[in-house]
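Visitor: Hello! I would love a close look at a single part of this structure, the salt bridge, and a sense of what surrounds it.

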Amino acid sequence: MNHRTQDGRTANDLGELREQAEHTRDELGRTVEALAAKADVKAQAEEKVAAAREKAAVAAERAKEKAVVAADLVKEKTAVATEQAKEKAAVATGQVKEKTPDPVLEKAEVVAQKAKTNRTPLVAATAALAGFLLVRRIVRGRRGRR
């Protein structure tokens with residue numbers, strides 16, 4: 001039983017023929033699996049969805065990291081600006097105290113102390129004044145439309 005193989009040799013051995021047949025079956029099986037995978041639209045769609053999810057997760061993580069860095073930067077800038085504002089306020093307060101006569105300062109301290117001890121009436125009076133001004137503005141606005 002003489003058979004020629006692809007490379008031109010003669011295959012006398014039955015074992016060699018079986019080996020060739022097994023190799024051909026393996027190749028055919030892989031080819032069929034590859035064709036089936038290409039034809040399986042649902043599996044391809046699932047793979048694309050999984051890839052898109054992974055890509056979105058990576059993008060979300062990067063965005064989160066950038067947000068944390070930006071928040072830290074804002075905190076730092078806010079702290080610096082707050083410190084500068086405090087320094088400017090201290091300088092302005094010192095200048096006002098230097099230029100304001102002592103009796104006016106004493107009177108201002110008395111008024112501030114009374115305001116601190118009587119906050120509720122002060123808040124109520126402020127709210128009443130704001131309400132009065134709001135009503136007045138509304139009334140004047142209606143008169144102007146006529």
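Guide: Happy to help; here is the salt bridge, followed by the rest of the chain. A few ground rules come with it: this is a predicted model, where local features need pLDDT of at least 70, side-chain atom pairs count only at pLDDT 80 or more, and totals for chains, interfaces and linings use all residues. Residues are numbered from 1 along each chain as its sequence is written, and side-chain values use heavy atoms, with hydrogens and water left out.

The structure holds one salt bridge, meaning a side-chain nitrogen of Lys or Arg within 4 Å of a carboxyl oxygen of Asp or Glu. Its partners are the side chains of Glu22 and Arg25, at 3.3 Å from N to O. Both residues belong to helix α1 (residues 14-39), where they sit three residues apart, about one turn of the helix. Helices (H or I, at least four residues) and strands (E, at least two) are DSSP runs, numbered from the N terminus.

How open are the two partners? Buried means under 20% relative accessible area, exposed over 50%, and partly exposed in between (1.4 Å probe, protein chains only). Glu22 has 41% relative accessibility, so Glu22 counts as partly exposed. Arg25 reaches 53%, so Arg25 counts as exposed.

Now for the surroundings. The protein chain has four helices and two strands, in the order β-β-α-α-α-α along the sequence. Of its 146 residues, 1% are buried. Helix α3 (residues 102-117) has 16 residues; the number buried is zero, so α3 lies largely in the open.

Finally, a word on confidence. pLDDT is the predictor's confidence in each residue, from 0 to 100. The protein chain averages 86, and 90% of the residues score at least 70. Among the elements, helix α2 (residues 41-99) has the highest mean pLDDT, 91, while strand β2 (residues 10-11) has the lowest, 52. Where pLDDT is low, the predicted coordinates should not be read in detail.

Conventions
The expected span of a helix is 1.5 Å times one less than its number of residues.
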